[in-house]
Amino acid sequence: MADVMIMKDIEATAFRLGLDLSSIDLDSIHLPPSDDCGIPSDDEDVYEEDNPEFDSGFGNVIVVDNVPIVPMEKFEKLETVIRKIYSQVGDIKENGLWMPLSSDSTKTLGYCFIEFNTPQEAELAKKETQGYRLDRSHIFSVTMFDEFDKFMKVPDQWAPSESKPYAPGENLQNWLTDAKARDQFVIRAGSDTEVLWNDARHLKPDPVYKRSFWTESFVQWSPLGTYLATVHRQGAQVWGGATAFDRLMRYAHPQVKLIDFSPGEKYLITYSSHEPSNPRDINRVVVNIFNVRTGKVMRDFKGIADDFTVGGAGGVTGVSWPVFKWSGGTDDKYFARMGKNVLSVYETDTFSLVDKKSLKVENIMDFSWSPTDPIIALYVPEMGGGNQPARVSLIQIPGKEELRQKNLFSVSDCKMYWQSNGDYLAVNVDRYTKTKKSTYTGFELFRIKERDIPIEVLELENKNDKIIAFAWEPKGHRFAIIHGDNPKPDVSIYSMRTAQNTGRVSKLTTLKGKQANALYWSPTGRFIVLAGLKGFNGQLEFYNVDELETMATAEHFMATDVEWDPTGRYVATSVTSVHEMENGFNIWSFSGKHLYRVLKDHFFQFLWRPRPPSFLSAEKEEEIAKSLKKYSKKYEAEDQDVSAMLSEQERERRRKLKEEWDKWVSEWKGLHEEEKLQRQNLRDGEASDEEEEYEAKDIQVEEVINVTEEVEVEHAQERTKA
């Protein structure tokens, strides 16, 4: 019967595709041997495990032991007590509480099963009620139902685990030793994910690794470029290498939606949210922190969505991501999150609160870490109808000492921007006018590394200008602002120190009327791209801040993203699937020269692979910069060789095109000669094909297109009367 059904399916598919099965010899079709038809699975390592684990379907069931043994007359009362305890943790399904009875049905057996709506609720119930003291004699012992099978497989006698010989893996930093000093990037288009070298010398990308259905939503590089993370329904995975990209670790987290790495790549944070089937139920959020190398869960955080919103404010269903913000540097020592009127700072040595308590900050609205030091900048808005001013405070961790505080009055909004070295903090403050009908903008500039942390106030020439974008120069002392209310705003560039005055901010220049709404500094400073995205249709201006001059202007129509490579040599602009047309990316030099373009349908992501910090000291980098001419001769010679090779390739390409053209012309001339007799017959014996032997005559042909006859009845009647 099964064979008949399969044949019917084949016939139906053939009919749908318009194939005639009678013309196909099915017996001549031979599939490759073995069960996988010669196609190896990506998950062979799963099948090679001795005891692969499968979802039993009982992940939402817990077993509660040490429940009182009571007679039947007290059964209902005990059931009510247990239901009341566990209903506070999660929603128990209808008929989801079951207490087994003795064989003679006279008393309970001292344990019960509880089924919740979701596995997350069951896990939370286990965590919250493990060791719950019902009375002096009954302390609950809670176990997940799925764990019983694992306990039953524990052997009666201990045996040492089998040791495996050490097999060295691939050097995960090997890609940094590329002889051509190229950078890698990853793209996602359609169902394919590709890693490629940026081979700018040859004006094209060089493929490294390609895989279909590598991720189910997005990919993400780790901050130092060691790992590439993929996201799946069962959890996240990380991959690494220069060319092979082997899977290094799995992180089990069902229905994971978002991921984030700590700055030093030691930890991976995953996030999921569960939407209950009952609309009246509260959304539940699960956040796990994994050790990247071992895959072990170091700590998890569970609760309702409102617990993970900005400031922990009630009534908000959206979750702010990342939930946790990490302290600066690569030691990954501290991370923090906001709650309602508290700032919770955790240390990774124990994954517990610093000093075992949160920092109480009434009405805290925002905070951010210094990129290099354990210093937190936090913002608190006005309270008491303006009687208590807003403030920005700098807090030293772990001592929780307040280093500096600035009170702000009549504040409408506040945004904080750290410079990449942690030398400066810019606070963009929107203030109300005296009438409260409008706002104006100013900046509070903190000099973090100077004594007593002096603060300087910066106001724009037109205080009513709207701030569209702000960006610090990486590793530098300059910053740029896009401001104005006109369709073409202005761009102003400032410096925190100049040759004449190292202690005061000064304006370097203002560029009037620019089609720009985003700023992109080179990672090495000096150069900046003024980009006009969205409504400006991809206008680009490459600007040299040292010389205060425009190097080039260009356009990438409908561009949605701009990203510098980690060395500051190249810029990538891309059009993602937000637009239906022109999907793909362009690569430009730092000075704005267009190098090459790649078009991809359904283009989703372009990400440069980050580089770890250089091991060279600042003095050594300065020495290399001074001796650049000595090093540049070698690379100039290589560039000339590549240019000559490209020229030769272009000449070869043109030569082949000419040969193909000559061959095509020759073939048609031969065909023309073969058909000469046929043309002669068509011309009543005239054999010549030369145009000058023909006489051109103009012949006029008159043709009646239409004849219309009209009868004037009124005039005919008048003549009749007359």
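## Exercises on strands and aromatic rings

Five bridges link strand β11 (residues 228-232) with strand β12 (residues 235-240), and the two run antiparallel. Strands here are DSSP runs of E with at least two residues, numbered from the N terminus, and two strands pair if DSSP finds at least two bridges between them. The model is predicted, so local features need pLDDT of at least 70 and side-chain atom pairs pLDDT 80 or more, while totals for chains, interfaces and linings use all residues. Residues are numbered from 1 along each chain as its sequence is written, and side-chain values use heavy atoms, without hydrogens and water.

**Exercise 1.** Find the residue in β12 that stands opposite His-232, then place both strands in their sheet.

*Solution.* Start at His-232: Gly-235 in β12 stands opposite. Next, read the order of the open, antiparallel sheet of four strands: β10-β11-β12-β13. Finally, look at the edges, where β10 (219-221) and β13 (246-252) each pair on one side only.

**Exercise 2.** Classify the ring pairs Phe-145 with Phe-148 and Phe-606 with Trp-608.

*Solution.* Recall the cut-offs: rings of Phe, Tyr and Trp (its six-membered ring) pair if their centres lie within 6.5 Å; planes under 30 degrees apart are stacked, over 60 edge-to-face, and the rest tilted. Phe-145 and Phe-148 have centres 6.5 Å apart and planes at 50 degrees, so this pair is tilted. For Phe-606 and Trp-608, the centres are 5.4 Å apart and the planes at 80 degrees, so that pair is edge-to-face.
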